[in-house]
Amino acid sequence: MSSDGADVGETVVSGVPSFTLRLPNGRVEDGPVVDLRGDASEIPTGSQLRRAVRVGCPTRPTSPTVYSVRPGRAHAHVASLGPDTAIRSRAALAAVAVDIGIETPHDDDLVDALRSLRALSPAPIDDAELRAARRRAAVAGAETDRLRERVATVRGRVTALREAAADDVAADDAATAPSPDEALTEAEAALSDLTRQLSEVATERVAAAQRLRLLERRTRSARDQRNARIRLEDRVENCRRRVRAAHIDAVSDAFRDARAELDRWIVGDVVPEADTSELLDALAVARLAPIRAPLLVVGDVADALGGPDAAFDRLGAPLILR
């Protein structure tokens, strides 16, 4: 496990970039530290400043705007620091590790799983088309069977008529019934028509069966790919969990050290219960992370850290105090 040249827990104040804050009244402030405490009538609300430090620019002319380098992942967890700050510490520590550049033994597995997932795009399964193909094949099969039986029946009649014609049917029968030649001609015509219909339906049956087999193969393939994608998605999530756990482990000791240092420095009652204070957690994350965009800090918190300059030194981050 390495950290890409950054020492976990080291605060590099000299590398903290400056930023520019433009207020809606046209006032412009620069610094690594901007203290807005004073005339409350000129100061934007806390919510306006929180949005400014989180989203940067551009913003509306009536809103404050921060011009700074792009915030890292940890910035979102500690962008606003006050007595009521809440933080998801594990998510924040994972973000800190990413910002520092910590690598884990699971990174390559995650990259490979994501690459495989992106490369796998299962075709959609059209159940309606498959059902229609099955109906078409069934109808063609039934019609083929029906016509085949009909052809057999008519063919038998033709055979019988041909035999009758050869036996010279009796004259009294010939007076009341179609002559054997006429009946034979009608039967042969019917047989010819039925044979043609049977040929057409048999062709349709073959086409319908081929289409059904094709759709069934596509459906099986799509289902196999969909199951493979589900397995890949599970693999990606497992890799992410392992990477996240490794990231948190990598910075946990430094986080505890930073928290203990801050607890010793903080004065007053802004952190009444150090063991459970989420503000102290957030301050430790801010101290640990390479924060480059400004944080909004309530004045009481900055004072508890020893004032604006001391807060800047101890957090190692550009600050806006309100």
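Which residues does Leu295 touch, leaving aside those up to four places away in sequence? In this predicted model, the list runs to His75, Val78, Ala79, Leu81, Ala286, Ala317, Pro318, Leu319 and Ile320. Several of these names come back in the description of the core below.

Some overall numbers help to set the scene. The protein chain has 322 residues, and 37% of them count as buried. Its backbone is laid out in ten helices and seven strands. Among contacts with a separation of 6 or more, 75% are between residues 24 or more positions apart. On the outside, about 18,100 Å² is exposed, with carbon and sulfur atoms supplying 48% of that area.

Now for the inside. In soluble globular proteins, nonpolar side chains tend to be buried together. Here the largest nonpolar core holds 44 residues, and the members touching the most other members are Val78, Leu81, Leu283, Leu295 and Leu319. Quite a few elements chip in with two or more residues: helices H3 (89-100), H7 (180-265), H8 (278-288), H9 (299-304) and H10 (308-315), plus strands S6 (295-297) and S7 (319-321). H8 gives the largest share, at eight residues. There is also a second, separate core, made of 13 residues, with Phe19, Leu21, Val53 and Leu296 among them.

Two of those second-core residues, Phe19 and Leu21, lead on to a sheet, since strand S1 covers residues 19-22. The sheet is open and has three strands, in the order S2-S1-S4, with antiparallel pairing. Strands S2 (28-31) and S4 (65-67) sit at the edges with a single partner strand each, so each has one side left without a neighbour in the sheet. Going from one strand to the next, the twist averages 20°.

On one side of the pairing, S1 and S2 are joined by four bridges, in the antiparallel sense, and Phe19 stands opposite Gly31 in S2. These two strands make a hairpin with five residues between them, and Gly26 in the turn has a positive phi of about 95°. S1 is also joined to S4, this time by three bridges and again antiparallel, with Leu21 standing opposite Val66 in S4.

What is the relative accessible area of Thr65? The value is 1%, so Thr65 counts as buried. This residue lies in strand S4. Leaving out residues up to four places away in sequence, Thr65 touches Thr20, Leu21, Arg22, Gly56, Cys57 and Thr59.

Gly56, one of the residues touched by Thr65, comes just after helix H1 and has a positive phi, near 70°. H1 itself spans residues 46-55, and its buried residues are Gly46, Leu49, Ala52 and Val53. Looking down the axis of H1, these buried residues fall within an arc of 125°, so they line one face of the helix. What do they pack against? Their partners are S4, helix H2 (75-78), S6 and S7. S4 is thus a meeting point in this description, pairing with S1 and packing against the buried residues of H1. S6 and S7, meanwhile, also give residues to the largest core.

Definitions and conventions:
Residues are numbered from 1 along each chain as its sequence is written. This is a predicted model: local features need pLDDT of at least 70, side-chain atom pairs count only at pLDDT 80 or more; totals for chains, interfaces and linings use all residues. Side-chain values use heavy atoms; hydrogens and water are left out. A nonpolar core is a set of buried Ala, Val, Leu, Ile, Met, Phe, Trp, Tyr and Cys residues joined through side-chain atoms within 4.5 Å. Buried means under 20% relative accessible area, exposed over 50%, partly exposed in between (1.4 Å probe, protein chains only). Contact means heavy atoms within 4.5 Å. Two strands pair if DSSP finds at least two bridges between them. Axes are lines fitted to C-alpha atoms, for helices over the stretch in contact, and angles run from 0 to 180 degrees between N-to-C directions. The arc is that of the directions from the helix axis to the C-beta atoms. Accessible areas come from the Shrake-Rupley method with a 1.4 Å probe; for residues, only the protein chains shown count as cover.
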